[in-house]
Amino acid sequence: MKTLQDYIDKLNALNFKEMYNGDFFLTWEKSDDEIEAVFTVADALRFMRENNISTKVFESGLGISLFRDNSTRTRFSFASACNLLGLEVQDLDEGKSQVAHGETVRETANMISFMADVIGIRDDMYIGKGNAYMHEVVDAVTQGNKDGILEQKPTLVNLQCDIDHPTQAMADMLHIIHEFGGVENLKGKKLAMTWAYSPSYGKPLSVPQGIIGLMTRFGMDVVLAHPEGYEVFEEVEEVAKKNAEKSGGSFTKTNSMAEAFKDADIVYPKSWAPFAAMEKRTELYGNGDTDGIKALEKELLAQNAEHKDWACTEELMATTKDGKALYMHCLPADITGVSCKEGEVDASVFDRYRDPLYKEASFKPYIIAAMIFLAKFADPADILKKLEENGTPRVFK
Amino acid sequence: MKTLQDYIDKLNALNFKEMYNGDFFLTWEKSDDEIEAVFTVADALRFMRENNISTKVFESGLGISLFRDNSTRTRFSFASACNLLGLEVQDLDEGKSQVAHGETVRETANMISFMADVIGIRDDMYIGKGNAYMHEVVDAVTQGNKDGILEQKPTLVNLQCDIDHPTQAMADMLHIIHEFGGVENLKGKKLAMTWAYSPSYGKPLSVPQGIIGLMTRFGMDVVLAHPEGYEVFEEVEEVAKKNAEKSGGSFTKTNSMAEAFKDADIVYPKSWAPFAAMEKRTELYGNGDTDGIKALEKELLAQNAEHKDWACTEELMATTKDGKALYMHCLPADITGVSCKEGEVDASVFDRYRDPLYKEASFKPYIIAAMIFLAKFADPADILKKLEENGTPRVFK
Amino acid sequence: MKTLQDYIDKLNALNFKEMYNGDFFLTWEKSDDEIEAVFTVADALRFMRENNISTKVFESGLGISLFRDNSTRTRFSFASACNLLGLEVQDLDEGKSQVAHGETVRETANMISFMADVIGIRDDMYIGKGNAYMHEVVDAVTQGNKDGILEQKPTLVNLQCDIDHPTQAMADMLHIIHEFGGVENLKGKKLAMTWAYSPSYGKPLSVPQGIIGLMTRFGMDVVLAHPEGYEVFEEVEEVAKKNAEKSGGSFTKTNSMAEAFKDADIVYPKSWAPFAAMEKRTELYGNGDTDGIKALEKELLAQNAEHKDWACTEELMATTKDGKALYMHCLPADITGVSCKEGEVDASVFDRYRDPLYKEASFKPYIIAAMIFLAKFADPADILKKLEENGTPRVFK
């Protein structure tokens with residue numbers, strides 16, 4: 001697109017009015033129009049920043065971040081998105097304050113939200129918990145707003161839960177759209193979301209689940225590949241199947257990495273833990289069973305080690321479409337001979353794709369900002385138009 | 001009130017000119033007009049935020065926070081207040097930098113204040129130290145400003161010291177005013193500030209002291225109740241007595257929780273440590289006497305345990321005015337059967353008052369912002385007027 | 001100067017066009033005009049802040065700080081500078097995220113820079129590493145910008161490396177200029193940069209190196225004094241020699257503190273570690289040789305202890321020009337009888353110079369802001385002019 005008006009016109013053709021005052025939990029809870037609205041606003045915000053048009057829509061307000069893990073990438077993406085819109089990030093550090101469940105969640109959620117316009121949560125470690133916790137928080141602030149405690153209901157952005165990683169999957173998808181020159185060119189393209197060996201264990205399932213839950217909506221042939229025993233959450237596979245059917249693409253599974261890579265247009269080789277093992281781990285943590293956790297860790301590492309041949313090698317890459325599928329990863333990757341002895345990907349493959357990988361990551365702040373934008377304004381297209389008319393430069397001139 | 005002009009008119013009838021370029025240490029160092037000015041500006045700022053009028057009065061500037069304890073609530077209240085006015089919070093983390101006394105205070109206070117408009121300090125742990133430390137900081141930056149080192153003198157906001165907790169007490173009071181429909185309706189109302197059992201020890205005295213030091217100014221009958229041995233700072237009791245006399249209310253003491261609750265309109269049951277024990281603890285810390293500290297801790301917990309009957313039960317609540325006194329707490333509370341086996345309050349009582357409790361807490365960011373506002377502008381009423389005339393929306397529209 | 005126009009006129013007479021889109025590594029990589037441009041913009045920004053003219057040139061954008069040590073002063077200086085220009089600081093905490101070298105640097109540098117306008121790095125601990133690391137980061141983001149990953153190339157500000165401490169040295173120099181009433185009054189003045197005893201070890205060399213590398217450019221007679229064995233980086237001595245030659249001043253060395261102080265107009269007594277020892281320490285750390293590190297530490301402390309007579313005493317101060325040389329320090333100082341038993345300076349000397357010392361420190365935020373300003377605008381003089389014309393007040397009025 002060449003002008004902001006193009007994005008505005010596109011938005012005006014979409015129906016996303018349910019997003020106003022809403023939240024973003026899972027991509028498959030959103031309609032196709034809503035997903036497209038996020039992409040469109042993300043692209044529009046990027047266009048505006050690149051053209052030195054300020055997108056600061058908040059004169060004041062806080063963006064609260066709550067991370068259960070340390071995280072540089074997600075932290076910076078969320079901070080960047082908030083800053084782009086005029087919100088100041090305030091971290092609710094688990095080390096600094098205990099966040100528990102039930103009424104305590106209700107209390108803390110209200111206490112931090114008096115000036116909060118957004119809450120971004122990353123809680124991906126425990127199966128059955130992360131997404132549930134986010135809902136608890138949203139319920140609490142929704143009630144707080146109704147009861148007159150909170151003047152506004154802050155919007156939740158799911159920065160990764162146990163089920164989905166919507167900001168990652170959508171940034172990845174926007175990258176694909178840009179690389180392939182538009183959604184209209186994706187029909188029939190083959191995308192391989194495959195497991196890959198890593199010497200670490202317990203990597204979250206939200207990435208593969210997020211990918212199959214979203215990428216099946218665009219008419220692509222999505223293949224999920226993993227060794228036996230590395231199954232992902234069944235309900236998300238169901239989502240993927242229905243998506244594929246509706247979009248005219250396909251969703252298939254295989255236990256062969258080679259089969260998945262064969263003629264693929266896009267490959268996404270990445271390690272994850274078996275769903276069943278993650279469930280067990282959650283239970284062990286719940287019981288405070290440290291010995292059990294250690295035993296499970298050992299077991300999982302041994303299980304991983306049986307599949308060291310699941311690596312994105314030059315040989316495998318050569319079997320993809322014209323030998324040059326788009327290689328994707330959420331980063332950081334376990335690179336063979338660089339970050340570990342044997343890992344997810346050959347160093348030479350990874351190096352060749354650094355630029356596209358970094359571009360892939362660069363969409364995330366804009367995706368997050370777009371989610372916030374669409375939740376905060378009844379008529380986002382009109383706001384974009386007015387921002388352009390105002391023409392306040394981001395950098396003074 | 002219905003319009004901002006109402007708040008402005010109210011302000012114009014008050015004399016608070018001494019607050020300009022001042023600081024906020026203790027409520028009883030402020031005149032009645034000054035206290036009312038804080039409430040009025042707090043309400044005005046809230047009115048403006050709720051009506052989407054930006055109150056961003058700083059284009060740049062820092063709000064420095066210095067906490068000796070971890071604190072989610074106070075941290076977020078201070079951050080919210082600063083953000084509302086346009087200041088960016090920068091934490092001076094004790095873990096990150098040593099803050100000592102004497103010349104070191106003078107040096108650090110100047111080093112952090114080159115761009116600081118506000119310094120918020122929470123230092124409540126040691127009797128005789130917290131408030132003194134705040135004065136040291138203010139003296140240092142006042143001198144720094146006079147000597148041409150600092151272009152401006154940052155305003156100090158006492159976020160809790162060993163003597164008073166002014167932002168808490170004033171948020172609590174503003175909550176009472178709103179619940180009872182105005183200061184004019186408080187004459188003759190009975191407020192019970194009472195000790196309550198908690199299985200933790202060493203809780204600061206600044207809350208009960210702050211409450212009796214402030215609430216006695218509005219013609220209410222304030223009762224301070226605690227078991228023998230849980231006396232608060234004598235000087236603050238003197239303040240309370242004088243306040244009551246002047247305001248036409250009363251200040252009485254009792255060792256019976258039942259007596260305090262009887263026909264009370266407002267109850268504030270909360271644990272605290274005995275003043276004498278806190279003094280001893282401060283000395284032990286000063287001497288680095290860890291064995292002594294451990295012994296004292298054990299002793300205090302045992303002493304607390306003798307008074308488990310000091311709990312805000314349904315039975316006691318039934319004895320209050322019409323059985324429905326306003327229950328108050330600075331949060332988090334020790335709730336029986338929820339956050340501890342036996343605590344300050346019955347779960348059913350606490351649950352019934354969640355909404356008012358959260359509203360109570362919601363005033364704190366506005367109280368802090370009002371304290372800053374009144375210290376920073378010679379004519380705050382005029383500034384509010386101009387902000388309304390400018391009509392910059394907080395959220396773009 | 002009396003008006004902003006004076007600063008603007010001065011700027012317009014200087015050639016600093018190479019600074020646009022550049023970075024700030026070492027002062028001696030900058031021309032005299034460029035150095036003067038930094039001083040001029042720093043003074044202009046201070047003038048504007050003191051006259052309540054907003055210098056907020058960024059509506060949004062991040063300033064990334066990356067510190068290998070804890071640091072209150074540098075942290076607050078960088079945060080203040082960013083805030084003054086409208087950038088929000090986001091810390092890349094080493095504790096929160098691993099930053100390594102090579103491709104990992106490239107990756108992290110890009111990941112944090114999607115919305116970054118500035119990166120400030122302090123990395124002074126390892127000889128041969130800090131400055132090199134900064135270059136790696138700049139190379140990464142320069143490439144990222146060329147490759148279309150980053151919409152802008154963030155500017156690097158060296159907040160202290162193993163070679164130079166440009167923001168400190170330039171703040172110090174601006175302090176000298178102000179104290180002596182202008183650069184034109186410095187010709188022939190004697191500045192003594194001397195080692196002083198401290199009971200701690202391993203203090204970075206970047207301060208003495210920064211001082212001799214910069215102060216020799218203004219026609220002064222700069223003396224570097226230290227006990228035998230406390231040599232600084234030879235290459236920087238070479239820089240100092242050439243500077244002195246070109247500026248018509250002199251650069252000499254001595255092993256006598258008394259000789260250095262004799263008739264000095266300015267004295268800068270400060271501890272540092274021997275260059276050779278720091279090189280050895282870097283190697284030991286690289287090998288993970290903890291025993292070796294402990295042995296070296298012991299050795300260095302013993303070596304220091306042989307030179308306790310290297311202290312800035314009243315007696316020595318009396319030998320300076322009229323007995324009242326300008327005493328300087330980067331702070332915090334090791335004060336005899338205050339922060340340590342025997343240290344760098346007598347308490348009475350230090351106390352007499354508190355005001356000038358704090359003023360010295362107060363220039364640093366403005367120096368950092370000026371470095372950013374000059375890197376971000378093709379015509380900084382024009383921007384200053386427009387900011388004045390706009391006349392947006394920093395504090396609302």
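Of the residues of chain B, E88(B) gets closest to the rotation axis, with its C-alpha at 4.6 Å. That axis comes from laying chain B on chain C: a rotation of 120° with 0.0 Å of shift does it, at an RMSD of 0.0 Å (least squares on the C-alpha atoms of residues with pLDDT of at least 70 in both). The two copies are thus related as by a three-fold rotation axis. They use different surfaces, though: 6% of the contact residues of chain B recur in chain C, where contact means heavy atoms within 4.5 Å.

A word on the ground rules. This is a predicted model, where local features need pLDDT of at least 70, side-chain atom pairs count only at pLDDT 80 or more, and totals for chains, interfaces and linings use all residues. Residues are numbered from 1 along each chain as its sequence is written, chains are lettered from A and ligands numbered from 1 in the order written, and side-chain values use heavy atoms, leaving out hydrogens and water.

Now look inside chain A. An automatic or database assignment divides chain A into domain 1 (4-164 + 364-390) and domain 2 (167-361). Their centres, taken over C-alpha atoms, sit 26 Å apart, and the contact takes 30 residues from domain 1 of chain A and 32 residues from domain 2 of chain A.

What holds charge to charge here? The rule finds 2 salt bridges across this interface (a side-chain nitrogen of Lys or Arg within 4 Å of a carboxyl oxygen of Asp or Glu). D32(A) and R217(A) meet in a salt bridge, at 2.8 Å from N to O.
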